[in-house]
Amino acid sequence: SVIFSVWRQFLPYDQPILPEVLQRLGYATHLVGKWHLGFCHWKYTPTHRGFKSFYGFYNALQDYFNHTGQQDAYDFRDDEEVDYSAVGHYSSNLFADRASDIINKHDVTQPLFLE
């Protein structure tokens, strides 16, 4: 099933997910792309569910260039901040660039989990 922006649905906070466990084990955890486990409250979003960073969108669908989805609402984030600099840039290219940046800047002495 899909979680739409007007729904108050989420993965319950008391159910740990892989990035939370890996972060406790010392991994650097990053999410690039689509978060699909709820966003009706900050505590259900990626940077509160074990990811050190998040670059992408929350909604069920999105235009690849203008990054609008349901009700023409803009939905593109850099961590918790709305990132308007993405407008006019193809999502896949933005994601690939961010993933490459994370990998290239990563401290190789620390394990990495990049989703």
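This is a short tour of the structure, from the whole chain down to single residues. The model is predicted.

**Stop 1: the whole protein**

Start with everything selected and shown as a cartoon. The protein has two helices and five strands. Follow the chain from the N terminus, and the elements run α-β-β-β-β-α-β.

Now zoom out. The C-alpha atoms fill a box of roughly 45 × 35 × 20 Å along the principal axes. How does the radius of gyration of the protein sit against that of a compact globule? The protein has 14 Å, and a compact globule of 115 residues would be near 13 Å, so the two agree.

**Stop 2: surface and interior**

Switch on the surface. About 6,800 Å² is exposed, and carbon and sulfur atoms supply 54% of that area. Next, colour by burial. Of the 115 residues, 38% are buried.

Display contacts between residues at least 6 apart in sequence. Of these, 52% join residues at least 24 apart.

Then select the charged side chains. There are 9 positive and 14 negative ones. The centres of the two sets lie 7 Å apart.

**Stop 3: the sheet**

Select the strands. What order do they take in the sheet? Reading across, it is β4-β3-β2-β1-β5. The sheet is open, and its pairing is mixed. Its edge strands are β4, residues 81-82, and β5, residues 112-114. Each of these edge strands pairs on one side only.

Move to the β4 edge. Select residues 77-78, which are strand β3. Strands β3 and β4 pair in the antiparallel sense, over two bridges. Pick R77 and look across to β4: its bridge partner there is V82.

**Stop 4: the loop between β3 and β4**

Stay here and select D79. This residue lies in the loop between β3 and β4. Check its backbone: phi is positive, about 60°, although D79 is not a glycine. Is D79 buried or exposed? The answer falls in between: its relative accessible area is 29%, so D79 counts as partly exposed, the class between the 20% and 50% cut-offs.

**Stop 5: the loop between β2 and β3**

Finish by selecting strand β2, residues 53-57, and following the loop from there to β3. Stop at H67, which lies in this loop. H67 also has a positive phi of about 60° without being a glycine. Where D79 is partly exposed, H67 is buried, with a relative accessible area of 0%.

Note on methods: Residues are numbered from 1 along each chain as its sequence is written. This is a predicted model: local features need pLDDT of at least 70, side-chain atom pairs count only at pLDDT 80 or more; totals for chains, interfaces and linings use all residues. Side-chain values use heavy atoms; hydrogens and water are left out. Helices (H or I, at least four residues) and strands (E, at least two) are DSSP runs, numbered from the N terminus. The radius of gyration is taken over C-alpha atoms; the globule rule is 2.2 Å times the number of residues to the power 0.38. Buried means under 20% relative accessible area, exposed over 50%, partly exposed in between (1.4 Å probe, protein chains only). Contact means heavy atoms within 4.5 Å. Accessible areas come from the Shrake-Rupley method with a 1.4 Å probe; for residues, only the protein chains shown count as cover. Lys and Arg count as positive and Asp and Glu as negative; His and the chain ends are not counted. The place of a charge is taken as NZ of Lys, CZ of Arg, CG of Asp or CD of Glu. Two strands pair if DSSP finds at least two bridges between them.
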